[in-house]
Amino acid sequence: MNAEKDSIAPWWRENSKEAYASGLAQLAHAFANYAKSKQGTRSGPRMGLPRLKKKHSRQSFTFTTGSYGLGDGCRRVKIPRVGSVRTGESTRKLARRLANGTARVGSMTISRQGRRWWVSFTVHVMRHDRQPAQPNARIGVDVGVKTSPSSPSR
């Protein structure tokens with residue numbers, strides 16, 4: 001395929017490899033859901049054969065490798081083969097977490113709905129569970145109480 005790629009598909013190198021890989025991964029997932037549905041091992045509604053999306057539905061692809069992520073400044077996103085693109089919202093909080101080392105970007109999904117483009121990040125955040133203030137404290141619950149003490153008795 002790689003040897004004949006330029007003659008068969010000259011447009012192949014214009015796009016990121018992730019666009020093609022993402023589409024094929026989603027197609028494989030759709031066929032797997034169909035096969036599990038036919039065998040009866042999939043929970044949920046029955047699935048039919050995968051069909052092409054309508055023109056006006058959401059189109060998306062996901063970057064999992066390469067040089068993607070936040071760009072320079074608090075309103076920039078770096079997209080492979082495109083470059084740095086300005087965002088509508090600030091990315092300052094995410095940039096701060098990445099700089100502190102408390103988060104890392106797992107993947108970036110680019111989607112288009114209508115005339116608008118959207119970017120979303122899958123972020124793995126490292127959080128430390130808070131310790132209780134009194135770790136050796138004990139509590140008790142009386143399961144025999146049938147009415148609350150504030151209710152009037154007759």
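Here is a walk through the structure above, from its sheet to its surface patches. This is a predicted model, where local features need pLDDT of at least 70 and side-chain atom pairs count only at pLDDT 80 or more, while totals for chains, interfaces and linings use all residues. Residues are numbered from 1 along each chain as its sequence is written, and side-chain values use heavy atoms, leaving out hydrogens and water.

Let's start with the sheet. Three strands make an open sheet in the order β2-β3-β4, with antiparallel pairing. At its edges sit β2 (69-70) and β4, each pairing on one side only. Strands here (E, at least two residues) and helices (H or I, at least four) are DSSP runs, numbered from the N terminus. Two strands count as paired if DSSP finds at least two bridges between them. In general, strands of a sheet pair through backbone hydrogen bonds, either parallel or antiparallel.

Now take the pairs one by one. Strand β2 is joined by two bridges to β3 (residues 76-79), and Gly69 stands opposite Lys78 in β3. These two strands form a hairpin with five residues between them, and Gly73 in the turn has a positive phi of about 90 degrees. On the other side, four bridges link β3 to β4. There, Val77 faces Val85 of β4, and Ile79 has Gly83 as its bridge partner. This second hairpin has three residues between the strands. Arg81 lies in the loop between β3 and β4, and its phi is near 70 degrees, a positive value in a residue other than glycine. Arg81 counts as exposed because its relative accessibility is 58%.

What do the side chains do along β3? They alternate: Val77 and Ile79 point to one face and are buried, while Arg76 and Lys78 point to the other and are not. Buried means under 20% relative accessible area, exposed means over 50%, and partly exposed is in between (1.4 Å probe, protein chains only).

Next, the surface. Patches are made of residues with over 30% relative accessible area and no salt bridge; like charges are joined within 9 Å, and nonpolar side chains (Val, Leu, Ile, Met, Phe, Trp, Tyr) within 5 Å. A salt bridge is a side-chain nitrogen of Lys or Arg within 4 Å of a carboxyl oxygen of Asp or Glu.

One positive patch is formed by Arg75, Arg76, Arg86, Arg92, Lys93 and Arg96. Its largest share, three residues, comes from helix α3 (residues 92-100). Arg86, on the other hand, belongs to strand β4 (residues 83-86), and counts as exposed because its relative accessibility is 56%.

There's a nonpolar surface patch too: Leu24, Leu27, Phe31 and Leu49 together have about 390 Å² of accessible area. Phe31 is found in helix α2 (residues 17-39). With a relative accessible area of 40%, Phe31 is partly exposed.

Note on methods:
Accessible areas come from the Shrake-Rupley method with a 1.4 Å probe; for residues, only the protein chains shown count as cover. Lys and Arg count as positive and Asp and Glu as negative; His and the chain ends are not counted. The place of a charge is taken as NZ of Lys, CZ of Arg, CG of Asp or CD of Glu.
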